[in-house]
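Have your viewer ready and your selection tool at hand. We will take a short walk through this model, one selection at a time.

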Amino acid sequence: MERLRLAAEVLEPHRAGRASTFRRFDWSSRALGTPEPLPATDLLVVDLIGLFHPEVRGALGLTVWCDVDLDEAARRGIARDHELGRSHDDLWRDVWIPNDRDFTERFAPRESADVRYRSRA
């Protein structure tokens with residue numbers, strides 16, 4: 001994940017009240033997409049475990065940890081991808097799950113979160 005790019009292009013302009021854009025990474029083509037304008041809003045929610053990293057933690061106003069087992073989170077992500085017509089099963093297995101596991105062990109995002117949410121489902 002390009003945390004520093006995301007912070008510079010999205011988080012910092014938003015906190016300063018400036019217009020900004022977001023470039024999604026297209027995993028199928030392995031390239032950044034066309035810049036998309038972000039809406040003018042008081043609240044911006046970014047769903048990404050890697051943003052709990054010390055390099056960008058200061059660019060976040062509030063962090064929320066959703067306490068979901070990694071295997072369950074992966075099942076949900078894979079199902080969501082399939083619903084959208086994407087098949088990234090190999091990336092989930094070989095890249096994303098190991099990366100999330102390593103990141104969690106190294107940086108303890110749950111413990112550093114401002115808010116912890118535990119789903120009852």
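## The whole chain

Start in cartoon view: the protein has four helices and six strands. Bear in mind as you look that this is a predicted model. Reading from the N terminus, the elements come in the order α-β-β-β-β-β-α-α-α-β. The radius of gyration is 15 Å, close to the 14 Å that the globule rule gives for 121 residues, so the protein is as compact as a globular protein of that length. Along the principal axes, the C-alpha trace spans about 35 × 35 × 25 Å.

Now switch on the surface. The protein exposes about 8,600 Å², and carbon and sulfur atoms supply 51% of that area. Of the 121 residues, 25% are buried. If you draw a contact map, take the contacts between residues at least 6 apart in sequence: 56% of them join residues at least 24 apart.

## Stop one: helix α1

Select residues 3–15, which make up helix α1. Its 13 residues would reach 18 Å as a straight helix at 1.5 Å a residue, but the end C-alpha atoms are only 16 Å apart. Where does α1 kink? Centre on E9, where there is a kink of about 30°, shortly before the proline P13. Just after the helix, pick G17, which takes a positive phi of about 80°.

Next, colour the buried residues of α1: R3, R5, L6, A7, V10, L11 and P13. Show β1 (21–22) and β3 (31–32) as well, since what covers these buried residues includes both strands.

Keep R3 selected for a moment. This arginine of α1 has a relative accessible area of 18%, under the 20% cut-off, so R3 counts as buried. Leaving aside neighbours within four places in sequence, its contacts are G50, H53, E55 and V56.

## Stop two: salt bridges

How many salt bridges are there in the count? The total comes to 12, and three of them make good selections.

- Select E2 and R5, whose closest N and O atoms are 3.4 Å apart in a salt bridge. E2 is partly exposed at 42% relative accessible area, while R5 is buried at 18%. Add E9 and R23 to the selection to see a network of salt bridges linking E2, R5, E9 and R23.
- Select R24 and E36, whose side chains meet in a salt bridge at 2.8 Å, N to O. This pair links distant parts of the chain, 12 residues apart: R24 is in the loop between β1 and β2, and E36 is in strand β4 (residues 36–37). E36 is partly exposed, with a relative accessible area of 30%.
- Select R110 and D67, which form a salt bridge at 3.1 Å, N to O. R110 lies in helix α4 and D67 in strand β5 (residues 64–67), so this pair ties together parts that are 43 residues apart in sequence. R110 is partly exposed at 30%, whereas D67 is buried at 17%.

## Stop three: two backbone oddities

Finish with the backbone torsions. Go to R30, in the loop between β2 (25–26) and β3; R30 has a positive phi of about 60° although it is not a glycine.

Then jump to A108, in the loop between α3 (89–107) and α4 (109–112). A108 is not a glycine either, yet its phi is positive, at about 45°. Is A108 buried or partly exposed? With 28% relative accessibility, A108 counts as partly exposed.

Conventions. Residues numbered from 1 in each chain as written. Predicted model: local features only at pLDDT ≥ 70, side-chain atom pairs only at ≥ 80, totals over all residues. Heavy atoms only, no water. Expected span 1.5 Å × (residues − 1). Bend = angle between axes of the 7 residues up to and from the residue. Buried < 20%, exposed > 50% of the residue type's maximum accessible area, 1.4 Å probe, protein only. Contact = heavy atoms within 4.5 Å. Rg over C-alpha atoms; globule rule 2.2 N^0.38 Å. Areas by Shrake-Rupley, 256 points an atom, 1.4 Å probe, with all protein chains shown as cover. Salt bridge = Lys/Arg side-chain N within 4 Å of Asp/Glu carboxyl O.
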